Amino acid sequence: MNSYLFPHIGKVIASTGSRHFPRMLHDLIRTQLAVDATHIRQMRVEPLGRTASSSEFEPLKDSALLAETIFSEHSAAAPDALPTSESSASADASQLHLTRRKDGYRYVISVYRNGESQRFSAQERSLLQDISPVLLPMVEKHIDALQPASIDAERPSETAEGSGLETLRGRFTERLQQLGLSLSNRETEVCVGLLAGRTAPELAEQLQLKVNTVESYLKRAAIKLGISGRHSLMRWMYSPLETSASSAA
C-alpha cells in the first residue's frame, strides 16, 4: 500500500461513527481513482459463519438497512443518476462495487461515474480492489458505531466524532503493547492527533501547548518508536506488525 494514503486512512478512522465519515471515505477513494459518487450501505443476509470480501456485486433481495451517498464537488452526478436495481449495476462498467459479509450482514461500497463514457478501466478496478481490505472493515466499524445513535436520536454528533478518535487511540495503544513499547500521555496524544490528520498548530491549540512543544513530544515519541517523524509514524501504524517490530528494534 502506498505510504501517501496513510494520512487519509487516519482521517477516515478518526471520523468513524461521525457525520464526516462518508466524506472522508470518499476523499480517500478519490486519491486512487476519480469518482463522481460513493455509496455505502449495510444489508441483512443469511449468516455465513465467516467473513468474506469481494469486488463483485451480488444481487440481494433485502433492501439496505443503512445507506448514504456522497457526491464529489462540481460533479455532474445526481441522486437520480444512481441505479436502483442490482441487475443494472452489475452490468454497468461505470460502477464498481466492493462487498464484505460478516455476522449475517453485508457491507457494500459502491463508486460511480456519471455516464458510460466514463467507464472504469481494468487498472482502476485493480486499484480499488487493492485497498478494499482497508476500506470495507472501516465501513463496517462506522456502521456499527452508528447503531446506538439510531436508538438515541438526541446523541450529539461530537460524541460520535470522539468515538472515532477513541477507536484510533485504542488501535495505537494496542500496537504499542504488541511491540512492548510505552509512551507518555502527552506523547500518545500528539501521535494520535497526527495520525488523525491534524497539524502541529491544530494540536497545539487543542492541547493548549506551543507548537514547538508539540514537535518536541513527537521527537521523543519518534525516538522511542524507532522512527524518524510524522511520515514514518503513519508507516509504523499501518504497516504489517513484523515490519514495525523490525524498524523499532
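Student: Which residues is Phe-172 in contact with, leaving aside its neighbours within four places in sequence?

Tutor: Happy to start there! In this predicted model, Phe-172 is in contact with Leu-183, Thr-188, Cys-191, Val-192 and Leu-195, and also with Leu-233, Trp-236 and Met-237.

Student: What role does Phe-172 have in the largest nonpolar core?

Tutor: That core has 53 residues, and Phe-172 and Leu-135 are the two that touch the most other members. Helix α9, residues 211-225, gives this core its largest share, with six residues.

Student: How much of the protein chain counts as buried?

Tutor: The figure is 45% of the 249 residues. As for the outside, the chain exposes about 12800 Å², with 49% of that supplied by carbon and sulfur atoms.

Student: How many helices and strands should I look for?

Tutor: Look for eleven helices and five strands in the protein chain. Among contacts with a separation of 6 or more, 71% are between residues 24 or more positions apart.

Student: How do I read the sign of phi?

Tutor: Here is the general idea: most residues other than glycine have a negative phi. Now the case here: Asp-103 is not a glycine, yet has a positive phi of about 50 degrees. Look for Asp-103 in the loop between β4 (95-102) and β5 (105-112).

Student: Is Asp-103 buried or exposed?

Tutor: Asp-103 is exposed, because its relative accessible area is 63% and the cut-off for exposed is over 50%.

Student: Where is Gln-208?

Tutor: Gln-208 is in the loop between α8 (200-207) and α9. Gln-208 also has a positive phi, about 55 degrees, without being a glycine, and counts as exposed at 74% relative accessibility.

Note on methods. Residues are numbered from 1 along each chain as its sequence is written. This is a predicted model: local features need pLDDT of at least 70, side-chain atom pairs count only at pLDDT 80 or more; totals for chains, interfaces and linings use all residues. Side-chain values use heavy atoms; hydrogens and water are left out. A nonpolar core is a set of buried Ala, Val, Leu, Ile, Met, Phe, Trp, Tyr and Cys residues joined through side-chain atoms within 4.5 Å. Buried means under 20% relative accessible area, exposed over 50%, partly exposed in between (1.4 Å probe, protein chains only). Helices (H or I, at least four residues) and strands (E, at least two) are DSSP runs, numbered from the N terminus. Contact means heavy atoms within 4.5 Å. Accessible areas come from the Shrake-Rupley method with a 1.4 Å probe; for residues, only the protein chains shown count as cover.
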